[in-house]
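Dear colleague,

I am passing on to you a structure that I have been looking through, and I would be glad if you kept it open beside this email while you read.

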Amino acid sequence: MTSLIHETAIISPKAMLGKNIQVGPYSIIGEKVSIGDNSSIGSHVVITGNTSIGSHNKIYSHNSIGAAPQDKKYKDEDTKLVIGDNNTIREFCTINLGTTQDRGVTRIGNNNWIMAYVHIAHDCDIGNEVIMANNSSLAGHVNVDDYAILGGFTLVHQFCKIGAHIISAVNTVIFKDVPPYLIVSDYGAKPSGINIEGLRRRGFEPNRVNLIKKAYRIIFRDKNTTEEAIQKLRELDQTSVEVGNFINFLKNSHRGIVR
């Protein structure tokens, strides 16, 4: 199969396109863009900046990808956007380049499902198997770990860290870091228990889920300080990966965790 480029698409001769690429009507692809094999770009998509997109991605119509950050400090530095493989990006999303004030790159991993009207700001780092539902938005410098699910209209404050396997309810507004495995909801993101259904779907055995429940109780129900919680988690189980994930997250949280 040869690449299918619509005659109205505008593609820089310097852009690097792989094999079996589809580009829809009126899309624009800039000179510093690379797109891997077997990817499809819908109509009216603008991909610009120093943007690298992997293989087997499906990008629907009316997206702005790789545009300058919405940051007044940005002065046209040659920063980057890096998108991995097998991602789906639905309509009307905006994904910006990084800034030199941080890592200089916005990064999206593999197998992510990004729904319509999502905004991913500069210097965000999104892992793998993440779902961002319609109208969810990340401010700058946000980290989202693997298998996180952000419900519709979830808003995340800049510099927050979102742990693996969490799920947020619709209209959640997150100002602080969200440890792994949680359900969070409401304005100011309050913990509402463990994402048990998500863990079961991903093959977590009952003993692992029970340890996560015990860790949750130590952190959120027993009125421990963060330092006390870390110590009690160490006493709970020093071999559990999940307990270790809680400990590492608490130790590395700079904004403080949701409560």
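Below I describe the sheets and then the helices, and please keep in mind throughout that this is a predicted model.

I begin with the sheets, and here it helps to recall that strands of a sheet pair through backbone hydrogen bonds, either parallel or antiparallel. One open sheet has nine strands with parallel pairing, in the order E2-E5-E8-E11-E14-E17-E20-E23-E26. Strands E2 (10–11) and E26 (173–174) stand at its edges with a single partner strand each, so one side of each is left without a neighbour in the sheet. Within this sheet, E11 (residues 64–67) runs parallel to E14 (residues 94–96) and is joined to it by three bridges, with isoleucine 65 standing opposite isoleucine 95 in E14.

Another open sheet is formed by eleven strands with mixed pairing, in the order E1-E4-E7-E10-E13-E16-E19-E22-E25-E27-E28, and its edge strands are E1 (4–5) and E28 (190–194), each of which pairs on one side only. Helix H2 (residues 206–221) packs on this sheet, where it touches E27 (182–185) and E28, and the direction of H2 makes about 155° with that of E28.

How do helices H3 and H4 pack, and at what angle? H3 (residues 226–236) and H4 (residues 241–252) pack at about 160°, with their axes 10 Å apart, and they are therefore roughly antiparallel to each other. Their crossing is left-handed. Among the residues that meet are Ile230 and Leu233 in H3, and Phe246 and Leu250 in H4; the residues of this contact divide into eight nonpolar, one polar and two charged.

With best wishes

Note on methods
Residues numbered from 1 in each chain as written. Predicted model: local features only at pLDDT ≥ 70, side-chain atom pairs only at ≥ 80, totals over all residues. Heavy atoms only, no water. Axes fitted to C-alpha atoms, helices over the stretch in contact; angles between N-to-C directions. Helix = DSSP H or I, 4+ residues; strand = E, 2+ residues; numbered from the N terminus. Parallel < 35°, antiparallel > 145°, perpendicular 65-115°, else oblique. Left-handed = near helix turned anticlockwise from the far one by under 90°. Contact = heavy atoms within 4.5 Å. Nonpolar A, V, L, I, M, F, W, Y, C, P; charged D, E, K, R; others polar. Pairing = 2+ DSSP bridges.
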